[in-house]
Every structure is written in C-alpha cells, then in structure tokens.
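Got your viewer open? Here is a short tour, one selection at a time.

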Amino acid sequence: MEHLTQDQWALSVGVFLPLVGVAVMMFIPRTEEQLHKLVALVTAAATLAVGIYTLVQFDYDQAEKLQFYVNERWIDVIDSRYIMGLDGMSLPLYILSMVVTLLVIVYSWDHIPSPGNPKAFLILMLVLQVGMAGTFVAQDLILFFVFFEVVLLPMYFMIGVWGGEQRKYASIKFFLYTLFGSALMLVAFIATYFQTGAESFSIEFLIANGSDIARTTQLWIFAGMFIGFAVKVPMFPFHTWLPDAHTQAPTQGSVILAAILLKLGTYGFIRIAIPVLPDAAEEWAPWIGLLAVIGIIYGALCCLAQTDMKRLIAFSSVAHMGFVMLGIATLTPFGFNAAIFGMVAHGLITGMLFFIAGSVKERYHTLEIRRLSGLLKQTPRMAWLLGLCTMASLGLPGLAGFWGEFPAILSAYNPAAGLPEETFRTFMVIAAIGTVLAAGYLLWLYQRAAFGEPTEEFVHDHHIHDMVLPEYLAWTPLVIGIIVLGVYPNLLFEVMDPAVNVALSAFGG
Amino acid sequence: MHAALLAFEQPTIDYHALAPEIVLAAGLVVVLLVDLFVDETRKWLVGTLTGLVLLGSLVPIATLALEGDTRVMFGGGYVVDDFSLVLKALFVIAGYVVVLLSTTYIEEGDYYEGEYFFLLGTSVLGMVMMASSRDLVSIFIALEFLSIPSYLLAAWRKRDVKSNEAGVKYLLLGVFSSALMLYGMSLLYGVAGSTLLVDIAAALREGADPIVAVAILFVVVGFAFKVSAVPFHTWAPDTYEGAPTPVTAFLSVASKAAGFVALITLVFVAFPDQKEVWQPLFWVLSALTMTVGNLLALRQTNIVRMLAYSSIAQGGFILMPLAVVGESPEAARDALTAVVTYLIVYAAMNLGAFAVVLIVARKTRSGEIASFGGLLQYAPGLAVCMTIFLFSLAGIPPLGGWIAKFAVFKSLLAAGGGWAVGLAVIGGLNSVIALYYYAGVARQMWMEPVPDGDDTPIRVPAPLGAALVLTVTATLVIGVLPNIVLRFGDLTELVALP
C-alpha cells in the first residue's frame with residue numbers, strides 16, 4: 001500500500017502539542033487562573049493551527065491514501081510500531097476534535113464549573129485532546145488502544161469533580177463500562193494479531209491478512225471488538241452509562257463526550273472491526289442493524305419521557321448514534337459515508353445543544369423542562385440558536401443533521417451484497433419512524449422551553465441575560481459548520497468517499 | 001563414586017560474576033561498623049551509606065550486563081545470565097527506593113536505625129543471590145537470607161502490638177512454608193540424587209513418579225506462601241498492616257518478586273517436563289489469588305490493607321503466565337517476558353504508591369482511605385502522583401501498568417486453548433473489579449472534601465521526594481516507551497547448563 005509522506009512531523013506535533021501546554025501549566029501556580037486559561041487557549045489554538053496546516057497540505061486527490069505517514073520503532077518485542085497516518089475518513093474527525101477542544105476552552109473563559117480550579121480542569125481538557133486526536137490518526141492497533149484509553153482518566157475526573165449531584169456515581173459507571181469494553185477489545189486485538197501470524201499490529205497489515213482468519217474465529221474476535229466499540233458508541237443495550245455521564249458531566253465534558261468521544265466507538269468500527277474481519281462483519285451486520293434501529297426507537301421514546309433538558313439531549317444521542325450504526329451496518333460505501341457525515345454532524349449539533357443546555361442551566365439553575373418557558377422572550381438570541389439546533393438535530397434539510405440521517409436511512413434500502421435485503425428494508429422503515437419521533441421530541445422540547453411566557457419564578461430574575469462574548473466566540477464556528485455542511489455536504493463527502501471505498505474493498509465496494 | 005564424593009576440589013571462583021554480592025556483603029559489614037561508631041545524632045549516615053552500597057553494587061551488575069557473557073559457577077548451581085542480572089538490578093534499585101522511603105520514617109519514629117538498614121541490605125543480598133541460584137541448596141539459602149531479616153523488620157515497631165503480631169505471624173507462616181518446601185526438596189533430592197536443578201530436570205525426564213508430583217506440590221506451595229497466593233495469603237494483610245510502612249512496601253514488592261523469581265527458576269529449569277503437575281496448580285492459584293484478593297480489597301477502608309490485598313491480586317496476575325508456560329517454547333518465552341516485565345513495572349508503581357501513603361500519613365497520622373479526602377486541594381502534586389500510581393496498578397494506558405497487563409494477556413493468548421483464554425477472561429474481569437477500588441482512592445483525593453477542613457500544605461522530606469520522583473518517572477516512561485522494560489524482559493531462556 002502506498003503512502004504519502006509529506007510533512008511527517010505534522011501528525012505527531014498535532015497530537016502531542018497540547019502536552020507542551022500541560023507542561024507549562026504545571027509550573028504555574030494554581031491561583032493564576034487567567035494565565036492558565038490563556039495558556040490553554042493558546043495551546044489549543046496552536047494545535048488547531050497545526051490541524052489547519054494538515055488540512056491545507058492534505059492531498060485531496062489522493063484522499064484514499066494514508067498521508068503524513070510516519071512509521072517508527074515503538075515496542076519491538078510485541079511488533080507494535082508508532083504508525084500514524086491520515087486519510088479521508090480520519091481527516092474530518094481529527095480536525096473536529098481540535099476545533100471542539102478549542103471552542104470548549106474558549107467557552108471555559110468565564111464558565112469554569114464549580115468547584116473551580118481551572119488549572120486542573122484545563123490540563124485534563126488538553127490531555128483529553130491528545131487521546132482524541134491520537135485515536136483518529138493511529139494506524140497501529142496498540143497505539144490506537146493506548147490513545148483510546150488515554151481519554152478515560154481525564155473524562156472520569158471531569159465528570160467526577162466538576163459534575164452535578166450524582167457525579168460520583170456517573171463517573172465511575174462511565175469508567176467501569178468503558179474499561180470492561182476495552183478489556184474485551186484488547187483481547188480481540190491480541191487474538192487478531194496471533195491469528196494473522198503474529199507479525200504486526202499495523203492496521204493495514206491486519207486488513208490485508210485478517211480475511212484469511214477462519215470464519216468462526218472471526219466471529220468471536222469480532223464479538224470482542226464489537227463490545228468494546230459498542231460500549232463507547234454507545235449502542236443499545238450498552239448505553240446505560242451515557243445518560244448518567246452526559247447529565248452529570250459539566251457542560252464542557254458533555255460537549256466533548258457528545259462531539260468526539262462517542263465517535264471513537266463508531267470510528268473503531270469503520271477503521272478496524274469491519275475492514276479487518278469482513279466475514280464476521282457480514283455475519284454480524286444484520287444484528288448490528290437490529291440493535292441500531294432498536295437504539296433509534298428506544299432513544300426516541302426515552303426522549304419523549306424526559307423531564308430534564310440535558311437528559312433528553314443525552315438520549316437523543318443514543319438515537320442519533322443508532323442512525324450512524326445503521327449506516328455502518330449496511331457495509332456499503334453509501335452507508336459509511338452517511339455514517340461519517342452523521343458523526344461529524346452529530347458532533348456539531350449535539351455539541352451545540354449541550355453548550356446551550358449548559359448556558360441555560362447557568363442562568364436558570366435548572367434544566368427541568370416544565371420550569372423553563374419563554375426562553376425566546378428572556379434570552380432571544382440563545383433561544384433562536386436552540387431553535388436552529390433542534391431543527392438541525394431532527395434532520396431538517398439544509399442543515400447538517402439531514403445529511404447524516406437521510407442517507408443512512410436510504411442506504412438501508414440497498415445493503416451490501418450478501419446481506420438480507422428484506423431485513424434491512426424493515427430497518428429502514430423503522431428508522432424512518434424514528435425520524436418522526438425525533439421531530440416529535442425535539443419540537444416538543446422547543447415548544448415547552450422557548451415559547452410562551454417566562455414562568456413566575458424567573459420572570460423578574462435579573463441574572464438572566466442573553467449570550468455573552470465567550471458564548472458568541474465558542475458557538476459561531478459550530479453554527480457556521482452546521483449551516484455550511486447542510487448547504488454543501490459535498491465538502492465532506494468528497495473527502496471521505498475515496499477512503500471509504502478502500503475500507504470496504506473487501507465487500508466489492 | 002565414593003572417592004569422587006570425598007575428594008574436595010577447589011571450585012574456581014569468578015570474582016567478576018560475584019562482584020555484586022561481594023560489594024553488597026562487604027558494604028554491609030562497613031555499614032554495621034559505621035553504626036557502632038557514630039553517635040545517635042548522626043545515625044542518618046547509616047541509611048545514606050546503605051543506599052550508596054546498594055547503588056554501588058549496580059556498577060558490577062552493569063559491567064556484567066555490558067559484557068553480556070553467561071557465567072556459570074559451582075557446577076551450574078550459580079549462574080549469572082541476563083535474567084539474573086535484570087532481576088538483581090531490580091532488587092537493588094527497589095532496595096534503594098525502600099531505603100529512601102525508610103530514612104525519615106525510622107529517624108522520626110525513634111527506632112533502631114543502624115540495625116534496620118543493615119537488615120534491609122542483608123535481605124536485598126539474599127534476593128540478589130536468589131536471582132542466580134540454580135540449585136536447591138542455594139535457592140533455600142537465598143530464601144532464608146532474604147526472609148529472616150524481614151521477619152525482624154516486620155516487628156520493628158516493637159512498642160506496637162500490631163507490629164509484633166505482624167512479625168510473629170510472618171515468622172510462623174514463613175517457617176512453616178520453609179518446612180513444607182524443604183520436605184518437597186528432600187523428596188526431589190531423593191528422586192534425582194542431586195540438588196542441581198538441571199540434574200533434577202534430567203532425572204525427572206526419565207519417568208513419572210507419583211512422588212515427584214507430591215514433591216513439586218510441596219515446593220510450589222512453599223513459594224506460594226512467599227508470594228502470598230490465595231489460599232496461602234492469610235498472613236499478608238495483617239503483616240502488611242502491622243509492619244512499618246516502608247517494610248510493607250519492601251515485602252510487597254521485593255520479597256514477593258524474589259518468590260516469583262524462585263518459582264520461575266524452578267519451573268523453567270527443574271520441572272520443564274512436569275507441566276501437567278504445575279500448570280493446573282498455577283491456573284487455580286492464579287484465578288483464586290486475583291479474584292479473592294480483589295474482592296477483599298473492595299471492602300477495605302485502610303489504605304495499607306487495601307494495598308495489601310491489591311498486592312495479593314497483582315500477584316495473581318503475575319502467576320497467570322505460569323499457567324501456560326509449558327504449552328510451547330513461544331509460550332514459555334512470552335511468559336518469561338510477561339513475568340519479568342510485570343515485576344519491574346509493579347515495583348515502580350507499588351513503591352510509588354507506598355511513598356505517597358508515607359508522605360500523607362506524616363500529616364494526617366491516619367491510615368484510613370478517607371484521610372486522603374481533598375488531597376488535590378492542598379497537595380495537588382501528591383494527588384496527581386498517587387492517581388498515576390493507582391491507575392497504573394489498574395492497568396490504564398498510558399501509565400506503566402498497562403504494558404505489564406498487556407504482556408500477561410499476550411502470553412496467555414499466545415499459548416491459546418480454552419484454559420488459557422478462560423484464565424485471560426477471568427483476568428479481564430478482575431481488572432474491572434480492581435479499577436473500582438483504585439478509583440475509590442482517587443475519588444477521595446479528587447472529589448471529596450478535606451476531612452476536618454485541615455488543608456495546611458504537606459512538607460515532603462527530601463528522601464521521600466526523591467523516591468517519588470524516581471517511581472513516578474519510571475511509571476510514566478515505561479508506559480509511553482515500553483520498549484525500555486520489554487527489552488529487559490525479552491529473555492530467550494534461563495541459562496542452566498554447566
């Protein structure tokens with residue numbers, strides 16, 4: 001396999017640059033809060049600058065190839081190497097992680113959640129960024145695994161220290177679920193390594209040789225990877241950590257969790273599980289599709305029953321990730337494209353929704369939907385944005401959400417050869433019903449929260465004000481992203497499509 | 001035959017090969033003499049000197065390693081190969097870190113200083129000998145050499161009933177296990193007519209004898225006490241809690257490692273053909289040890305007791321590869337790598353955790369996990385270090401512990417087969433259980449308020465600070481660049497033949 005080796009430093013610098021900021025911040029006393037924010041902001045901006053450099057240097061005509069490719073010695077004894085590379089599938093998610101981290105740090109300028117301590121908070125955020133970006137560019141299973149796990153600790157502390165009332169319960173639940181999944185995933189990785197002749201952990205090598213593994217063995221290995229990734233996505237029935245984690249996490253944590261962390265799971269499916277084990281993927285696909293549509297309907301029904309805005313958004317993630325997984329389960333390039341688009345769109349939209357929920361909570365000290373009313377009167381600009389995001393989230397054409405949801409449904413009409421067509425068409429119908437439910441719960445939320453008159457208890461509350469500068473700065477790029485991708489989705493599809501076709505080459509894609 | 005036995009032949013002594021032991025022995029005599037002649041106010045000299053002696057013995061270890069030859073002495077009873085050098089270095093460095101941990105504790109606690117460091121050094125010498133022993137007699141002598149000083153050290157807080165209990169329990173069970181082991185060894189000698197491990201292996205190759213199984217069982221069980229494998233672990237929590245905390249660190253890291261070294265030597269060199277005897281034994285010991293250790297650790301409220309049970313559970317992890325050693329040469333090689341790697345990483349992270357416990361206890365005067373509440377508020381550096389050690393023990397990348405756990409899982413899957421995979425699954429579940437109690441301590445430090453609201457900062461004495469820097473650096477560097485330790489762990493074989 002050919003690689004492009006332009007600017008070999010770019011990915012390593014892009015991934016590890018935040019650690020420089022961390023090192024600097026460690027030597028600044030905790031009381032210098034503004035300085036910490038400034039250093040974190042500069043670090044995140046510099047990281048994004050490196051990211052934009054890769055975006056510019058990326059050869060879009062050869063998006064199917066791994067670019068900025070590095071292959072260095074790392075752990076000889078276990079044949080694991082430091083391999084990094086970026087292709088069209090990774091690029092959007094890699095950049096998204098940098099953008100979201102920067103925006104979250106901008107938002108943190110005057111929104112450090114209780115109990116304060118911006119030093120620790122921002123250091124964790126930067127460490128988190130290392131793990132997220134690294135996962136999307138690692139091309140060696142062990143390297144991937146390490147980055148995949150690096151995000152655990154910062155997120156655990158972010159929820160546990162800066163979270164809501166139930167934060168201790170939510171944080172340990174998040175940690176235990178993910179660790180359980182990744183233990184099985186690791187066992188599956190090692191099994192893959194041995195089954196392909198114990199030569200290399202390189203993802204490319206395993207893709208080239210994985211299809212030779214006996215079918216029944218593949219099924220078992222896939223099951224291990226499946227649980228690891230499915231917990232992270234999360235797919236029904238492994239999703240129960242998500243509502244707690246999302247609801248209890250501080251705003252910044254929820255945003256990162258929704259925008260990036262969940263994608264680590266879906267990305268694992270398209271980068272590793274399916275290309276490496278094509279036979280098993282084919283066998284498992286209908287079941288993945290089934291769990292995906294159950295997730296769509298179940299998530300939507302749960303949303304309808306929620307009384308807390310943040311919890312509602314959390315459950316809507318379960319539903320949205322259901323669409324992504326349905327697209328993946330079709331094993332078609334069309335479905336994969338839809339899935340990656342869905343990941344990016346969900347990242348932008350749900351990230352934005354959590355931002356708004358956080359700002360609402362800050363002003364009203366509650367997210368109970370029936371106590372909120374008349375947001376449009378009290379905080380008109382924020383309420384308009386909430387409107388835009390709910391529309392985007394329910395898949396209104398012209399906004400980004402549409403291009404994640406609609407093609408995913410459509411792709412189920414024509415699954416890859418070898419998959420049961422009727423089953424997938426049934427899934428398609430169920431998923432379509434899911435979009436109706438989505439419209440239902442989102443519009444209902446908007447209606448209850450934004451329309452009408454402000455309630456008695458808040459109408460004379462002078463602390464309630466409209467958006468402030470850090471919010472404008474943090475949210476504008478996301479809104480622009482939602483609209484631009486909604487109007488011109490090809491921007492993303494063009495980049496992803498060649499790489500997706502390579503990933504699916506085992507299926508005659 | 002008779003004449004050959006009687007004739008005494010002067011063995012040729014390779015002084016370079018024995019240099020680490022000689023440096024240690026001579027140095028310790030100097031330590032003892034210095035202790036006699038310095039007055040009470042300058043007893044700190046003794047500790048410093050012991051530290052220097054330990055570091056000094058690293059020099060010959062390094063020269064031997066650079067030379068790279070395998071040196072065999074005393075007809076194959078004492079061998080200096082890569083395996084032994086790596087472990088000697090580990091014991092000496094772990095001993096040095098324990099000296100650092102002890103200095104302030106012993107000084108402030110008004111205990112005998114000179115004797116303490118002398119006994120500590122002697123115990124390390126026993127471990128260093130253990131790494132080279134390839135003969136039943138030298139193994140036994142090394143074992144007693146390292147054990148007897150530690151019985152005394154465990155009871156060092158002699159005005160404290162718990163410490164006395166610790167010492168007595170450790171002594172009684174230690175002696176009991178030695179007796180078991182000796183009985184097994186005598187049977188082996190009876191069968192093989194030699195105490196050399198290679199000769200025993202040759203003799204056992206000729207045919208299965210039920211007596212051999214009994215002998216192996218006794219020897220393994222004897223060492224199972226030493227590595228506190230369930231159900232032979234009952235002494236460990238009480239001894240660990242009662243002993244002075246630096247001694248606990250020493251016992252749970254260095255003594256335990258020495259026990260594993262002996263087990264590996266025996267399995268690889270003496271009983272390679274009896275896998276049907278010891279593989280199931282290790283399988284059961286390993287599964288029981290990690291499960292029981294973890295489940296009991298969940299219930300602990302005292303940090304040292306928690307670390308005691310955690311160390312039992314970690315021992316179960318280290319035993320895992322031994323359950324598949326005999327499957328194939330590749331499996332044996334992977335298992336050896338896994339065990340050695342685990343011992344190295346475990347030493348760094350566990351000693352580090354004890355360093356933090358010691359530092360925090362100087363302020364809080366408490367061993368309760370709750371006394372760690374709010375540590376992040378008033379001692380963020382310590383809290384972060386402890387977090388690193390705990391999650392490294394839990395095996396979370398990119399902290400050192402992950403590569404150790406990884407090596408263990410890899411060795412199991414390399415062997416393949418239902419039993420190996422079954423044990424790997426038990427191990428996986430146990431990692432999840434273990435995370436819960438490690439995270440429990442982290443939760444106290446990060447998420448709970450400071451008990452009594454006393455948030456005066458903590459002063460870190462220089463030796464403890466040095467120990468902390470050493471261990472935290474090792475834990476992080478090993479995690480990010482595992483090649484460093486895996487290279488040492490990548491031993492092709494244990495050299496045994498004369």
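**Stop one: a covered helix in chain B**

Select L382(B), A383(B), C385(B), M386(B), T387(B), I388(B), F389(B), L390(B), F391(B), S392(B), L393(B) and A394(B): these are the buried residues of α16(B). Keep in mind as you click around that this is a predicted model.

Now widen the selection to the whole of α16, residues 380-394 of chain B. Most of this helix is covered, with 12 of its 15 residues buried. Put a ruler from its first C-alpha to its last and you should get 21 Å, close to the 21 Å expected at 1.5 Å a residue. Then step just past the end of α16(B) to G395(B), where the backbone takes a positive phi of about 85°.

**Stop two: a loop residue**

Stay in chain B and pick L196(B), which sits in the loop between α7 (161-192) and α8 (197-205). Is L196(B) buried or exposed? L196(B) counts as buried because 23 other C-beta atoms lie within 10 Å. To see some of the company it keeps, show G75(B), G76(B), G77(B) and D135(B); L196(B) touches these, leaving aside residues up to four places away in sequence.

For a sense of scale, add Q444(B) to the selection. Its C-alpha is 52 Å from that of L196(B), and the two residues are 248 residues apart along the chain.

**Stop three: where the chains meet**

Show both chains and color the contact between them: 25 residues come from chain B and 28 residues from chain A. On the chain B side, the elements giving two or more residues are α17 (401-415), α18 (418-447) and α20 (483-489). Which of them gives the most? That is α18(B), with 10 residues. Color the chain B side by residue class and you'll find 17 nonpolar, 4 polar and 4 charged residues.

**Stop four: a helix pair in chain A**

Hide chain B and select α3 (residues 90-107) and α11 (residues 251-276) of chain A. They pack at an angle of about 170°, their axes 9 Å apart, which means α3(A) runs roughly antiparallel to α11(A).

Turn on side chains for the contact. From α3(A), show L93(A), L96(A), S97(A), V100(A), V104(A) and Y107(A); they meet Q252(A), V255(A), I256(A), A259(A), I260(A), K263(A) and Y267(A) of α11(A). By class, this contact has 10 nonpolar, 2 polar and 1 charged residues.

**Last stop: confidence**

Color chain B by pLDDT: the average is 89, and 96% of the residues score at least 70. The model scores ipTM 0.91 and pTM 0.93.

Note on methods
Residues numbered from 1 in each chain as written. Chains lettered and ligands numbered in written order. Predicted model: local features only at pLDDT ≥ 70, side-chain atom pairs only at ≥ 80, totals over all residues. Contact = placed C-beta atoms within 7 Å. Helix = DSSP H or I, 4+ residues; strand = E, 2+ residues; numbered from the N terminus. Nonpolar A, V, L, I, M, F, W, Y, C, P; charged D, E, K, R; others polar. Expected span 1.5 Å × (residues − 1). Buried ≥ 20, exposed ≤ 12 C-beta atoms within 10 Å, placed from the backbone. Axes fitted to C-alpha atoms, helices over the stretch in contact; angles between N-to-C directions. Parallel < 35°, antiparallel > 145°, perpendicular 65-115°, else oblique. pLDDT = per-residue confidence, 0-100.
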